[in-house]
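Please go through the fold and one loop residue of the model shown here, in question and answer form.

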Amino acid sequence: MNLNRVKDEDKLELCRKYYYGGFFALPFLWLVNVVWFFKQAFIRPAFEQQQEIKSYIIKSLVGCILWTAVLVTWMTIFQMYRADWGEIADNMSFIIPKGIA
């Protein structure tokens, strides 16, 4: 999508939707929000909706970083203690049988 062809009001609305969408177990939307709207928020000359877009971009970036940190921490802990947790860990993991792969 070319954001240069979109009205500033519509950019703000789209940025807001991506920000709130990240809360519904879609944190990848926060990353997309930051990438798409970074130039609009921080590089482009000032316009009326810029401060609000900037706010959503900063919040999206923080949310994306926190969510990534939580996921990496969980994956590390799970892999380190998987054998100790026994059957509970096996029920929480996804294993592809050797014959299928």
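The turns below move from the whole chain to a single residue.

Q: Which pattern does the protein chain follow along the sequence?
A: The model is a predicted one. Its protein chain has four helices and zero strands. Read in sequence order, the pattern is therefore α-α-α-α.

Q: Where does UniProt place the feature "transmembrane region", and how far apart are the end C-alpha atoms of residues 58-77?
A: The unreviewed UniProt entry puts this feature at residues 18-38 and 58-77. Residues 58-77 are 100% helix and 0% strand in the model. The end C-alpha atoms of that span are separated by 29 Å.

Q: Is Gln49 buried or exposed?
A: Gln49 sits in the loop between helix H2 (28-43) and helix H3 (50-85). A residue counts as buried when its relative accessible area is under 20%. The relative accessible area of Gln49 is 9%, so Gln49 is buried.

Q: Which residues is Gln49 in contact with, leaving aside its neighbours within four places in sequence?
A: Contact here means heavy atoms within 4.5 Å. With those sequence neighbours set aside, the contacts of Gln49 are Asp8, Glu9 and Leu12.

Q: What share of the area that the protein chain exposes do carbon and sulfur atoms supply?
A: Of the 101 residues in the protein chain, 30% count as buried. The chain exposes about 7,500 Å². The share of this area supplied by carbon and sulfur atoms is 65%.

Technical notes
Residues numbered from 1 in each chain as written. Predicted model: local features only at pLDDT ≥ 70, side-chain atom pairs only at ≥ 80, totals over all residues. Heavy atoms only, no water. UniProt positions renumbered as here; feature names shortened; annotations may be inferred. Helix = DSSP H or I, 4+ residues; strand = E, 2+ residues; numbered from the N terminus. Buried < 20%, exposed > 50% of the residue type's maximum accessible area, 1.4 Å probe, protein only. Areas by Shrake-Rupley, 256 points an atom, 1.4 Å probe, with all protein chains shown as cover.
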